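User: I should like to go through this structure one point at a time, with the reasoning given for each answer.

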Amino acid sequence: MSEKTQAEILKEELFYTPDHTSYFCDDEEIAKADNFCEGYKKFLDLSKTEREAAAYVLDLAKKEGYTEFNSDATYKAGDKVYYLNRSKALILCTFGTESLAKGAKIVASHIDSPRLDLKPNPLYEDSELALFKTHYYGGIKKYQWTAIPLSLHGVIYRKDGSCVTVRLGEDEGDPQFVVTDLLPHLDKKQAGRTLDEAIAGENLNILVGSRPFGKDKGSEMVKLNVMKFLNDKYGIVEADFLSAELEMVPAFKAADIGFDRSMIGSYGHDDRVCAYPSVMAEFEVKTPKYTSVTVITDKEETGSDGNTGLNSAYLKHFIADIAKTQGLCGRDVLRASECLSADVNAGLDPTYPSVHDKLNAAFINKGIVVTKYTGSRGKSSTNDAHAEFMSKIRTLFDNGKVAWQTGELGKVDEGGGGTVAKYVANLGVEVVDVGVPVLSMHAPFEVVSKLDVYMAYKGFKAFLEQN
Ligand code: MN
Ligand code: MN
């Protein structure tokens, strides 16, 4: 081995150059990361909507000893409680040895992802084909949602108030669904439109049937046949769609990507890729110094509004309720609390590097991204984490051997985005965004690195278990 030059030594000392995470981990830790991701892939396949994710995590939490939070009870260090908000958002909490007057450590991620929601009155027949009308949820590139297999998820409330859960298109042998697209031979006009206008939102119609009911001739016989199927299988009539929440999501399963299997391709990494590691970290927190609060929320992709989103009061009220069990005031706990807003950031794509400032871009395989601020057009509408808190997180991750990097969401004038950070910050909590870098964010099939997923788990655990 050749000796390092003085310049090389000085560079190592003075320059900031985040390394590939694999140089950061020994073989044993890489194997651990790969193994951790097997559990994550299972979660991805079974939790494609916020309802499914909340139910999956709640089920695991109960097995881990979490009980439903009771604001009249008293809790001791190590006690684990949950609060389920309308089956779509979940808070897990482990009481710490310190009083809540010292604040809680909060990790908040989201479990909703972009998708195609069925309209309240979705079913129609045209040209002897039955279709569903949709209204897309969250930010999508509409052209990506045509000609891919889709599955149907959700709940339907019948007139008598009974509920049926729908999950169709995921299991071997299930039928699937699709948004059709024009053939290239006849798409001259469509091809001339901009990418955004090529597929109209109103054209994201889903093909759901093509065979008429029986031999009786008449109008809407294909629709009738579909309705008959739905009635036989789910016991519903057409008006029951009005009291349903039905969502079409990609029917793909999570898969290893690359010859080296170093990455995972899946629907809904944003933001299950932060939710799953945060929940696993929360489970492992036994008797923390500070009370840990792990939130997996709904509605982030549509702006966090609605009473299951973090722009509502449910987190604030939960904190007030746990504060009350110790005779404290919620706002005093919030003021002393710290939060990692756990959400994805864009990994630099070598095919489209121009949208990033390379010096301040995140790269997959360089660990979790600490994003000081998001927003757009001059940091508008963002939580801009304070240097003091950045300093604290930096030290925490370095000491915990967590591979991390910094990253902005694209170049200054390129666009932008937001997370739940600002809503938690509005409560007076110290907040910074931390999450996994993703390729093809918001596409039906997004890509993440396994090592980054594992680093998210390590990072959240270090944060929740800090002294
Ligand atoms: Mn997100
Ligand atoms: Mn998103």
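User: Is C163 buried, partly exposed or exposed, and what is its relative accessible area?

Analyst: The model is a predicted one, and each value below is computed from it. Buried means under 20% relative accessible area and exposed means over 50%, with partly exposed in between. C163 falls in the partly exposed class, with a relative accessible area of 35%.

User: How many disulfides does the structure hold?

Analyst: A disulfide requires two cysteine sulfur atoms within 2.5 Å. For C37, the closest cysteine sulfur is that of C25, at 11 Å, which is too far for a bond. C37 is also buried, with a relative accessible area of 0%. The number of disulfides in the structure is 0.

User: Which residues are the protein donors of the manganese ion (ligand 1)?

Analyst: The donor residues follow the sequence spacing H-x159-D-x72-D. Their donor atoms lie 2.1 to 2.6 Å from the manganese ion (ligand 1), and D343 is listed with OD twice. The donors are H110 through NE2, D270 through OD, and D343 through OD.

User: How many residues apart in sequence are H110 and D270?

Analyst: H110 belongs to strand β4 (residues 104-110), whereas D270 belongs to helix α7. Both H110 and D270 are buried. The pair therefore ties together parts whose separation in sequence is 160 residues.

User: Which residue coordinates both the manganese ion (ligand 1) and the manganese ion (ligand 2)?

Analyst: The manganese ion (ligand 1) and the manganese ion (ligand 2) are 3.2 Å apart. One residue coordinates both ions, namely D270.

User: How many aromatic pairs are there?

Analyst: Rings of Phe, Tyr and Trp count as a pair if their centres lie within 6.5 Å. By this rule the count is 15.

User: Is the aromatic pair of Y40 and Y276 stacked, edge-to-face or tilted?

Analyst: The ring centres of Y40 and Y276 are 5.6 Å apart, and their planes make an angle of 40°. Planes under 30 degrees apart count as stacked and those over 60 as edge-to-face. The pair of Y40 and Y276 is therefore neither of these. Its class is tilted.

User: How far apart in sequence are the parts that the pair of Y40 and Y276 ties together?

Analyst: Y40 lies in helix α2 (residues 27-46) and Y276 in helix α7 (residues 269-284). Y40 is buried at a relative accessible area of 0%, and Y276 is buried at 8%. Because the two rings lie in these two helices, the pair ties together parts that are apart by 236 residues.

User: What are the centre-to-centre distance and the angle between the planes for F43 and Y276?

Analyst: F43 lies in helix α2 and Y276 in helix α7, so that this pair links parts of the chain 233 residues apart. F43 counts as buried, at 1% relative accessibility. The aromatic pair of F43 and Y276 is tilted, with a centre-to-centre distance of 5.3 Å and an angle of 35°.

User: Which residues do ring pairs link into a cluster together with Y40, F43 and Y276?

Analyst: Y276 pairs with Y40 and also with F43. Ring pairs link these three into a cluster with F36, Y56, Y454 and Y457.

User: Over the ring of which residue does the charged end of R115 sit?

Analyst: A charge sits over a ring if CZ of Arg is within 6 Å of the ring centre and within 35 degrees of the ring normal. The charged end of R115 is 3.8 Å from the centre of the ring in question, which belongs to Y137.

User: Which residue is the bridge partner of Y124 in β6?

Analyst: Strand β5 (residues 115-126) and strand β6 (residues 129-137) pair in the antiparallel sense over 8 bridges. β5 and β6 form a hairpin with 2 residues between them, and S127 in the turn has a positive phi of about 55°. In β6, the partner of Y124 is L131.

User: Which residue in β10 stands opposite L131?

Analyst: β6 is also joined to strand β10 (residues 206-209), by 3 bridges in an antiparallel arrangement. Opposite L131 stands L207.

User: Which are the edge strands of the open sheet of 3 strands?

Analyst: The sheet has the order β12-β13-β23, with antiparallel pairing. Each edge strand pairs on one side only, and the edges are β12 (255-257) and β23 (446-449).

Methods. Residues are numbered from 1 along each chain as its sequence is written. Chains are lettered from A and ligands numbered from 1 in the order in which they are written. This is a predicted model: local features need pLDDT of at least 70, side-chain atom pairs count only at pLDDT 80 or more; totals for chains, interfaces and linings use all residues. Side-chain values use heavy atoms; hydrogens and water are left out. Rings of Phe, Tyr and Trp (its six-membered ring) pair if their centres lie within 6.5 Å; planes under 30 degrees apart count as stacked, over 60 as edge-to-face and the rest as tilted. Helices (H or I, at least four residues) and strands (E, at least two) are DSSP runs, numbered from the N terminus. Buried means under 20% relative accessible area, exposed over 50%, partly exposed in between (1.4 Å probe, protein chains only). Donors are N, O and S atoms within 2.8 Å of the metal (3.2 Å for Na, K and Ca); water is not among the atoms, so sites may look incomplete. Two strands pair if DSSP finds at least two bridges between them.
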